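Colleague: Please take one part of this model and look at it closely. Start with a single residue, then work outward through the rest of the chain.

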Amino acid sequence: MQITAQQIATFLEGKVDGNPDQVVFQLSKIEEGTHGSLSFLSNPKYEHYIYDTDASIVIVNEDLVLHRPVRATLIRVKNSYSAFTEVLKLYNSLRLERNGRDENIFVHDTATIGEGGYIGGFSYIDKQVKIGNNVKIYPRVYIGENVTVGDNTTLFPGVTVYYDCIIGSNVIIHSGTVIGSDGFGFAPKEDGTYDKIPQIGNVVIEDNVEIGANTVIDRATLGSTVIHKGVKLDNLIQIAHNVEIGKNTVVAAQTGISGSTKVGEHVVLGGQVGVVGHISIANGSQVQAQSGINKSIKDANKKWGGTPSTSYSSQLRSQVLYSKLPELEKRIAELEKQLKNK
């Protein structure tokens, strides 16, 4: 798709500085700009690229002062970073636009599908499934019996949703993710083996949630595993049975949250964080990557780090002390030697 500088400026409510008829048909970084590409400049560290870039159009802040001529047509806006984000959203929506139904799909007679949307090849939609309007179901998606999917939700290739689960509106679930697999519930027996505990609950994912690739959210033993509105989950995350994650919480890759733990609202969990079961994490908590949380965090809006986790400031002090241990060992050895010689 080709678009002119004037069309972009109108979309962004900006002003053209240069040729309003300049055409672009691709996006690029400013340092990798080529003829026909649209780029942006927001970080002053990259300002020198504006004078040499081959990008045809560059989005810049309206107060940018040029120190020499530029070849590119500029679009001046209040915030170039936010403006380019809007362009990316538009580009992505056009790129992912799909409609209708491919061949080789299975939709059960009792399933109901809303208006618009898309169903990709080799997808399977089971009994009593309810699909909202404008839902995109990419190829090889499995949706189990009695599942509900809200409006404007996207399930990318290879997503699996087990029976009875509920997915809200404006949700994005990336490839390979499994929603509603059995929770890890086993009762030890006298002979040393384990008896599987039936997992008869479900998973509830509320509106405006995004879930990365190859993440697993287990169904509850009883009741629901709940992912509340606005939560963002990275790739390769394990959410165990009966976990509850509060609104607008962000969880980075390779984090594992054990069963029945309650994570508050606006929490940030870094990569590879491990959380034990049956605890709670207060609203606004921030946990450093690779930390281990082995007890409840009760104080809201605090930073934590380490294994087992302590306050972030305490963790930093400990790291300084650890770095000095070899020097302290050497000094102690010298003092012991002096004492022996007396």
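Modeller: Phe-40 is partly exposed, with a relative accessibility of 22%. The cut-off for buried is under 20%, so 22% does not qualify. Keep in mind that this is a predicted model. Phe-40 belongs to strand 5, which covers residues 37-40.

Now look at what surrounds Phe-40. Leaving out residues up to four places away in sequence, Phe-40 touches Ile-30, Val-58, Ile-59, Ser-80, Tyr-81 and Phe-84. Take Ser-80 from that list. Along the chain, Phe-40 and Ser-80 are 40 residues apart, yet 6.6 Å separates their C-alpha atoms.

Next, a nonpolar patch on the surface. Met-1, Phe-11, Leu-90 and Leu-94 make up this patch. Together they have about 410 Å² of accessible area. One of the four is Met-1, found in the segment before strand 1 (3-4). Met-1 counts as exposed because its relative accessibility is 69%, and the cut-off for exposed is over 50%.

Now the charged pairs. Side chains of opposite charge can pair when their charged atoms come close. How many salt bridges does the structure hold? There are five. I will go through some of them.

Begin with Asp-17 and Arg-76. Their closest N and O atoms are 3.2 Å apart. Asp-17 sits in strand 2 (residues 15-17) and Arg-76 in strand 7 (residues 73-77), so this salt bridge ties together parts that are 59 residues apart in sequence. Are the two partners buried or exposed? Asp-17 is partly exposed at 34% relative accessible area. Arg-76 counts as buried at 16% relative accessibility.

Another salt bridge joins the side chains of Lys-196 and Asp-182, with 3.0 Å from N to O. Lys-196 is in strand 23 (residues 194-196), while Asp-182 is in the loop between strand 21 (178-181) and strand 22 (186-188), so the parts tied together are 14 residues apart in sequence. Lys-196 is partly exposed, at 41% relative accessible area. Asp-182 is partly exposed too, at 33%.

Then come Glu-244 and Lys-262, whose side chains meet in a salt bridge at 4.0 Å, N to O. Here strand 30 (residues 244-245) holds Glu-244 and strand 33 (residues 262-263) holds Lys-262, so the pair links parts 18 residues apart in sequence. Glu-244 has a relative accessibility of 29% and counts as partly exposed. Lys-262 has 37% and also counts as partly exposed.

Strand 21, which ends just before the loop of Asp-182, leads to the sheet. Ten strands form an open sheet with parallel pairing. The order is 9-12-15-18-21-26-29-32-35-38. Strand 9 (106-107) and strand 38 are at the edges with a single partner strand each, so one side of each has no neighbour in the sheet. Inside that order, strand 18 (residues 160-161) runs parallel to strand 21, and two bridges join them. Thr-160 has Val-178, in strand 21, as its bridge partner.

Last, the backbone. Most residues other than glycine have a negative phi, and most peptide bonds are trans. Which places depart from that? I have three to show.

Arg-140 has a positive phi, near 65°, and is not a glycine. Arg-140 is in the loop between strand 14 (136-137) and strand 15 (142-143). Its relative accessible area is 52%, so Arg-140 is exposed.

Asn-301 also has a positive phi, about 60°, without being a glycine. Its place is the loop between strand 38 (292-293) and strand 39. Asn-301 counts as exposed at 61% relative accessibility.

The third place is a peptide bond. Thr-307 and Pro-308 are joined by a cis peptide bond, with omega about -10°. Pro-308 falls in the loop between strand 39 (303-305) and strand 40 (310-311).

Definitions and conventions. Residues numbered from 1 in each chain as written. Predicted model: local features only at pLDDT ≥ 70, side-chain atom pairs only at ≥ 80, totals over all residues. Heavy atoms only, no water. Buried < 20%, exposed > 50% of the residue type's maximum accessible area, 1.4 Å probe, protein only. Pairing = 2+ DSSP bridges. Patch = residues over 30% accessible without salt bridge, like charges linked within 9 Å, V, L, I, M, F, W, Y side chains within 5 Å. Areas by Shrake-Rupley, 256 points an atom, 1.4 Å probe, with all protein chains shown as cover. Contact = heavy atoms within 4.5 Å.
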